[in-house]
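Let's take a walk through this structure together. Have the model open beside you as you read.

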Amino acid sequence: MFDKQQRKLKRSARLISVLSKYGFKDMLARMNGGSKQDLDSGSADEIVSKGTVYERIRLVLEELGPTFVKLGQTFSNREDLLPPEMIQELQKLQDKVETVDMNVEDILENEFNISVKDHFQKVQHKPLATASIAQVYKATLLDGSEVILKIKKGDVQTVIEDDLLLIKDLEKIVSSYSEIGEKLNLKQAISTFEKSLLEEVSLINEKNNILQFSRNFKNNKETYVPKIYEEFSNNNVLCMEFIDGIKVTDKVELLANDIDPVKISEVGLRLFVSQILDFGFFHADPHAGNILVKRDGKVVFIDFGAVGKIQPNDKEILEDLIVSFVAKNPHKIVRYLKKMAISYEIPDERRFENDVEDILNFVHSSSLQEINVQVIINKMKDILKDNRLYMPDYFYLLFKGISLIEGVGRNINPDLDIVKSLHPYTKKIFKKKISPKNILKIGMDKMMNFTDNVDEIPKELRSVLQKLDENKFTISSEIKNIDKTNQIIKSSAVNLILAMILGANMIATAIVFVSETPPRIGEMSLIAILGFMFSVILVIILLLRVTRK
């Protein structure tokens, strides 16, 4: 505990020094209870006062190190939270990564209690790649299998945990220092960043992500997922199959191996869309360095530290959103965006819908060469910001992922059409929506909701009767057009009865459908067919009654 406090004090001193250096003494004075005296005497660094406040914020983040750089990079696609000038500066952030010396054999022996020579033919000492969290080394197992060892840097976990504590303190200061900080809900955004970063720093989490991708695409012949060697993997070391692949944007090398770059661009995009719509589990950083192509033409995604996850309910809304986009229906797009949003404050619904329609017109009227997905995404972000729609975190990861994968695809195939690639999925989604199984599921859900509501009626009724008994029940109302009101009540009662009959019929039809009840037409029960047709007729009657009223 004492050591943790010492580390935090040391990092706090560093934070104060850097903030002072870049001219943020007002903020520091607020931290110090309003006194600048100690700050003026405590910093020997030359004060950097040139540049805008946003430029100096970027310089602060870069000097404070990887955690703060990642924080800035995370917020660099949040146009809904930050002003354009700051977004522009945050997009310039670059990791200043230094290679650290590691004795790979000692690390392996200590982590897994093994003798390296009993399991490995060779372990290279020079890293293949260095990142802020880990370094990657190549090795060869005794059976000749080539693997890579991703080894976490020794102090990275401690540094990140300490930095996160400082970032939380900074959030409190900014929120109290400025009304904007509180209005932007920075606390929630920082909490999301913390969760994402701790997942990324956990190599066990990355291992589990790879295994999940492997299960998802086990029957797919267009992609390959590297094998994991679990006996040499834990939270500090990840051992996986080495992929001797071609960088996806290396057209010369692809062609030299008789691989069609155009086909690869289409396969890569199709795989990414499948990750989103089929599984709701997608690679969150599909840039060119994270996509390889094997000599047999299979596409390989690597580096699974950051992934996006979509809950089943949200995935259904996303499917509806995509179908509405392809069908050019701005009204439904607006409706599904609102259903998906965490919160929203739309000042003008008509203008919101018109803005969405402008994007649809732009997409469907422009030639393929004129369509820039990043421009469309930026327009969409502007609309979300103007209408104060705060979307789930995966939504912004989707924006980032689609922009990256489309950029990679356009690099090797300028005629890549991302909208066209969605058409097969819209057909698939539409078939799923109208399938008897899905209709039955919807009917069952509606029936369960209805049953739950009916169960609540006696409780509410008891409450009313109790108030009547205690002479505490009062009614204050004014009913106009009482005859019309009675007619509406009667009509609603009929609709409710029809809906109950519909639900019961759908359940009965489903039971008959899975049984072998004769007579049958081919593999289908005649009674089930008649029951389904009766359900369709009832749905049409209900729709006509509702729309007519």
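**Rings, a sheet and two cores**

The charged end of Lys294 is placed over the ring of Tyr224, at 3.9 Å from its centre. Keep in mind as you look that this is a predicted model. A similar arrangement can be found at Phe242, where Lys138 lies over the ring face, 4.2 Å from the ring centre.

Rings also meet other rings here: the count of aromatic pairs comes to nine. Through such ring pairs, Phe213, Phe217, Phe279, Phe281 and Phe304 are linked into a cluster.

Now turn to the strands. β6, β8 and β9 make an open, antiparallel sheet of three strands, in the order β6-β8-β9. At its edges are β6 (246-247) and β9 (299-301), each of which pairs on one side only. Between β6 and β8 (residues 291-293), the antiparallel pairing runs over two bridges, and Ile246 stands opposite Val293 of β8. Helix α13 (residues 261-279) packs on this sheet, where it touches β8 and β9. The direction of α13 makes about 45° with that of β9.

What about the interior? In soluble globular proteins, nonpolar side chains tend to be buried together. The largest nonpolar core in this model has 70 residues, and those with the most contacts inside it are Leu318, Leu337, Met391 and Phe395. Setting aside neighbours within four places in sequence, Phe395 is in contact with Leu321, Leu337, Met340 and Leu384. A second core, separate from that one, has 33 residues, including Tyr22, Phe75, Val156 and Leu197.

How values were computed. Residues numbered from 1 in each chain as written. Predicted model: local features only at pLDDT ≥ 70, side-chain atom pairs only at ≥ 80, totals over all residues. Heavy atoms only, no water. Core = buried A, V, L, I, M, F, W, Y, C linked by side-chain atoms within 4.5 Å. Buried < 20%, exposed > 50% of the residue type's maximum accessible area, 1.4 Å probe, protein only. Contact = heavy atoms within 4.5 Å. Phe/Tyr/Trp six-rings, centres within 6.5 Å; stacked < 30°, edge-to-face > 60°. Lys NZ or Arg CZ within 6 Å of the ring centre and 35° of its normal. Pairing = 2+ DSSP bridges. Helix = DSSP H or I, 4+ residues; strand = E, 2+ residues; numbered from the N terminus. Axes fitted to C-alpha atoms, helices over the stretch in contact; angles between N-to-C directions.
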